[in-house]
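Please keep the sequence and the three-dimensional view side by side while reading what follows. The paragraphs go from a surface patch to ring pairs, a strand and, at the end, charged side chains.

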Amino acid sequence: MSAGTVERTLASARIGVITFPGTLDDRDAARAVRLAGGEPVSLFHADGDLQNVDAVVLPGGFSYGDYLRAGAISRFAPAMDAVVDAARGGMPVLGICNGFQVLTESHLLPGSMVKNDHLHFVCREQVLAVENAETAWTNRYTAGQQITIPLKNQDGQFVADERTLDELEGEGRVAFRYVGTNPNGSRRDIAGITNAAGNVVGLMPHPEHAVEAGFGPDSAEGHRAGTDGLGFFTSVLASLVHA
Amino acid sequence: MGRVVVEVMPKPEILDPQGKAVVGALPRLGFTQFSGVRQGKRFELEVDGEVTPEVLEAARQAAGTLLSNPVIEDVVRVADASEESAGVSA
């Protein structure tokens, strides 16, 4: 395959970004898809038609004001019924922050998020270790690689029973772990997980805010120069090309 | 008008950060008797007619799907509360 063919194939990959009432980061997620070389497609929570997208991002925010439980009401949106079906069929789905909470409420991923153990909202540049670099959203990283992306949440403490945690560990389904500080009391420092097939990934930190130099976290390259999050979006494009 | 009350509590094995904050604040007001607090949720579901067995069953199903997340919470009560005043426990 020539380089030109690869570019055309990547550009034709259509990544849906769902907007729920109270979603905040849909435009950043769409921008990240574009910067990675894909075509972002805006999807609306009330529409059960996913418009034949190749993958879906559930962005961060406070859908329905986090009323009841974070992600609990969004989980029953018509668009989510379609996402659950498509995800079970193998379509790549990424849930970021509130999107991760929607994925656990939808039972596409195990466990749940509760309030941060210290009860404060946290907003920081967070170091993560990529534990599983074989998922649809992490294949452009290497296992053990450390990345820095923003973290901002109130209900970010990942919890699950011991049996589920052991299962996640045993099957290599811990996708990301917090390095240094555990910012919210998450069990076993877990920042993100994947389903068994590797097409559904959820994490609390925000890769879409670290995709363009000048607008990302501070890095060795300079002030706000960090683009460690871009790999999520180039990974899914690569997985679609090779699918 | 009928009313069904649904009460949901965090599972015992899940640390309840809100309850922990409340138990920490109580002694500052002189309430030193309380060694632990767990904070849950109470829902009041209103129906136009009477609370029939079918209405109660629907409330149980709503409690197990939308009103609680079984991973972190237990439904501890689903009951006909038509005789109670709104917001007042029996």
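A patch, as the word is used here, is made of residues with over 30% relative accessible area and no salt bridge, and nonpolar side chains are joined into one patch within 5 Å. The model in view is a predicted one, and in it Y67(A), I73(A), F76(A) and L66(B) form a nonpolar patch on the surface, whose accessible area together is about 370 Å². Within this patch Y67(A) can be found in the loop between β3 (55–58) and α3 (78–88) of chain A. Because residues count as exposed over 50%, Y67(A), with a relative accessible area of 60%, is exposed.

The loop between β3 and α3 of chain A also holds R75(A), and the charged end of R75(A) sits over the ring of F76(A), 4.3 Å from the centre of that ring. F76(A) is itself one of the residues of the nonpolar patch. R75(A), by contrast with the exposed Y67(A), has a relative accessibility of 17% and therefore counts as buried. The C-alpha atom of R75(A) is separated by 7.6 Å from that of L103(A), although the two residues are 28 residues apart along the chain. A second arrangement of this kind involves R31(A), whose charged end sits over the ring of F215(A), 5.6 Å from the ring centre.

From charges over rings we can turn to rings paired with rings. A pair of aromatic rings is described by the distance of the centres and the angle of the planes. How many aromatic pairs does a search of the whole structure find? Over all chains the search finds three aromatic pairs. One of them is formed by F100(A) and F158(A), which are stacked, with 6.1 Å from centre to centre and 10° between the planes. This pair links distant parts of the chain, since F100(A) belongs to helix α4 (residues 98–105) of chain A and F158(A) to strand β8 (residues 157–159) of chain A, 58 residues apart. Are these two rings buried or exposed? F100(A) is buried, at a relative accessible area of 0%, and F158(A) is buried as well, at 1%.

Why does the pair of F176(A) and F232(A) count as stacked? The ring centres of F176(A) and F232(A) are 5.2 Å apart and the planes stand at 20°, so the pair is stacked, given that planes under 30 degrees apart count as such. Here too distant parts of the chain are linked, with F176(A) in strand β9 (residues 174–178) of chain A and F232(A) in helix α6 (residues 230–241) of chain A, 56 residues apart. Both F176(A) and F232(A) are buried, and ring pairs join them with Y141(A) into a cluster.

Strand β4 of chain A offers a view of how side chains are arranged along a strand. In a regular strand the side chains alternate between the two faces of the sheet. In β4 (residues 93–96) of chain A, V93(A) and G95(A) point one way while L94(A) and I96(A) point the other way, and all are buried. β4(A) runs parallel to β3(A), to which three bridges join it, and V57(A) stands opposite L94(A).

The last topic is the salt bridges, of which the count comes to 21 over all chains. In chain A, E171(A) forms a salt bridge with R173(A), with the closest N and O atoms 3.1 Å apart; E171(A) is partly exposed at a relative accessible area of 46%, whereas R173(A) is buried at 11%. D218(A) and R224(A) meet in another salt bridge, at 4.0 Å from N to O, and there D218(A) is partly exposed at 37% and R224(A) likewise counts as partly exposed at 35%.

In chain B, the closest N and O atoms of the salt bridge between K11(B) and D74(B) are 2.8 Å apart. This pair links distant parts of the chain, because K11(B) lies in the loop between β1 (2–10) and α1 (17–25) of chain B and D74(B) in strand β3 (residues 73–80) of chain B, 63 residues apart. K11(B) counts as buried at 17% relative accessibility, while D74(B), at 27%, counts as partly exposed. Back in chain A, a network of salt bridges links E131(A), E162(A), D166(A), E169(A), R177(A) and R188(A).

Note on methods
Residues are numbered from 1 along each chain as its sequence is written. Chains are lettered from A and ligands numbered from 1 in the order in which they are written. This is a predicted model: local features need pLDDT of at least 70, side-chain atom pairs count only at pLDDT 80 or more; totals for chains, interfaces and linings use all residues. Side-chain values use heavy atoms; hydrogens and water are left out. Rings of Phe, Tyr and Trp (its six-membered ring) pair if their centres lie within 6.5 Å; planes under 30 degrees apart count as stacked, over 60 as edge-to-face and the rest as tilted. Helices (H or I, at least four residues) and strands (E, at least two) are DSSP runs, numbered from the N terminus. Buried means under 20% relative accessible area, exposed over 50%, partly exposed in between (1.4 Å probe, protein chains only). A charge sits over a ring if NZ of Lys or CZ of Arg is within 6 Å of the ring centre and within 35 degrees of the ring normal. Patches are made of residues with over 30% relative accessible area and no salt bridge: like charges are joined within 9 Å, nonpolar side chains (Val, Leu, Ile, Met, Phe, Trp, Tyr) within 5 Å. Accessible areas come from the Shrake-Rupley method with a 1.4 Å probe; for residues, only the protein chains shown count as cover. A salt bridge is a side-chain nitrogen of Lys or Arg within 4 Å of a carboxyl oxygen of Asp or Glu. Two strands pair if DSSP finds at least two bridges between them.
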